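Good morning, everyone, and thank you for making time for this. I would like to walk you through the aromatic rings and one of the strands, so please have a look at the structure first.

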Amino acid sequence: MVGVAVCNSVSSIKALWETRIRRKKEEQEEEQEQKRRRKIGGGATGRLSFGIWEDRAALTRLRQKLQTEDGRLILRIEQEEWKSLPRCLVQLSQVQEWQIHRTGLQKIPPFISSFQYLLVLDLSRNGVSEIPKQIGKLTRLRELLLSYNRIQFVPEELSCCESLERLELAMNQDLDHLPDQFRNLKKLQHLDLSMNDFTCLPDCVVALPALEWLDMGGNRLQHLPEDIHRMEKLHTLWLQRNELKNLPENISRMASLDTLVLSSNRLSDIPPLMEDMSNLRFVNFRDNPLTLDVTLQPKKTNAEDDSDDGDDREMFGLEFMQMYIQEARKRAYAVQNMHRSNEV
């Protein structure tokens with residue numbers, strides 16, 4: 001009996017110590033877990049506090065860039081490093097114009113759609129590679145200037161900017177296409193697509209009803225559309241430094257056109273019908289391999305005009321065009337008469 005009592009006593013003591021050891025271990029583990037949580041929580045709070053402080057500092061810095069001109073609130077940043085724009089900028093949603101140049105900006109933030117009062121978005125000379133789809137929500141936007149960036153693609157959502165009057169996408173180099181929905185920009189008057197990679201004049205551009213000014217210089221245009229006369233309001237057309245070999249005769253039906261620049265192309269002739277373009281005030285055919293060698297006659301001046309600076313006529317301008325067409329017509333008549341004489 002004594003042996004049994006001793007055995008039971010030892011078992012009880014062993015169970016008691018095992019329970020104590022287990023509880024101690026659990027307490028230690030719980031304490032370590034609490035320390036870990038406090039550490040994580042403290043770090044998150046620290047990061048959160050730092051983030052709030054950082055946003056406040058950025059917002060203060062942005063507020064310093066605000067200017068008011070002609071009653072318009074403008075955010076102007078020039079030649080500073082702003083590769084991205086902080087989210088806190090949405091607190092300045094009343095801004096009507098962004099002027100951000102030479103900052104190295106790489107992206108138009110998606111929260112651009114928060115700026116419903118934006119009239120002008122000028123991000124020229126940065127590193128922007130994409131126009132976000134959210135741009136389509138800026139229904140009041142009048143000017144979008146993205147020249148000298150890295151834009152390769154224009155989203156169809158841009159056509160939702162129904163108030164857009166001016167769009168500049170010059171010198172994006174790889175840009176060679178516009179979405180067909182682009183024709184829905186009913187108020188677009190000024191379009192600069194120069195120094196890109198277009199090989200033809202997009203039909204959606206020809207269809208723009210309000211377009212008055214178009215620059216397609218420095219592309220790879222090989223021809224112009226036969227129905228170019230659909231651009232009824234176009235008064236200025238820049239086509240310098242392309243690969244045009246001829247001009248469609250319907251160009252003579254562009255009644256509003258008064259400025260036409262065709263220098264540095266591959267034109268061999270000038271359409272005779274262009275002689276009737278009475279509204280044309282300035283034209284340039286310089287540096288084209290034209291078939292005929294035509295030189296303007298010296299300008300006759302009176303003795304009292306000797307004080308003038310001299311002949312300021314453009315050698316390959318409007319007067320040159322008219323003389324070229326007349327000379328081409330004379331030579332065509334001469335060839336016809338020669339054939340008739342041979343037949344007789």
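Two strands are said to pair if DSSP finds at least two bridges between them, and strands (E, at least two residues) and helices (H or I, at least four) are DSSP runs that are numbered from the N terminus. Before I use those terms, please keep in mind that this is a predicted model, in which local features need pLDDT of at least 70 and side-chain atom pairs count only at pLDDT 80 or more, while totals for chains, interfaces and linings use all residues. Residues are numbered from 1 along each chain as its sequence is written, and side-chain values use heavy atoms, with hydrogens and water left out.

Let me begin with strand 3, which is joined to strand 4 by three bridges, the two running parallel, and in this arrangement Trp98 stands opposite Leu121 of strand 4. Strand 2, residues 72–78, also pairs with strand 3 in the parallel sense, over five bridges, and here Ile77 has Ile100 as its bridge partner.

How many residues of strand 3 are buried, if we take buried as under 20% relative accessible area, exposed as over 50% and partly exposed as in between, with a 1.4 Å probe and protein chains only? Five of the five are, so the strand is largely enclosed by the rest of the structure. In a regular strand the side chains alternate between the two faces of the sheet. Here both faces are covered, with Glu97, Gln99 and His101 buried on one side and Trp98 and Ile100 buried on the other.

Now to the rings, where those of Phe, Tyr and Trp (its six-membered ring) pair if their centres lie within 6.5 Å, and planes under 30 degrees apart count as stacked, over 60 as edge-to-face and the rest as tilted. A search of the whole structure finds three aromatic pairs. One of them is edge-to-face, Trp98 with Phe115, at 5.1 Å centre to centre and 80° between the planes. Because Trp98 lies in strand 3 and Phe115 in the loop between strand 3 and strand 4, this pair ties together parts that are 17 residues apart in sequence. Phe115 is buried, with a relative accessible area of 0%.

Another pair, Phe320 and Tyr324, is tilted, at 6.0 Å centre to centre and 45° between the planes. Both residues lie in helix 3, residues 318–343, four residues apart, or about one turn of the helix. Ring pairs link Phe316, Phe320 and Tyr324 into a cluster.
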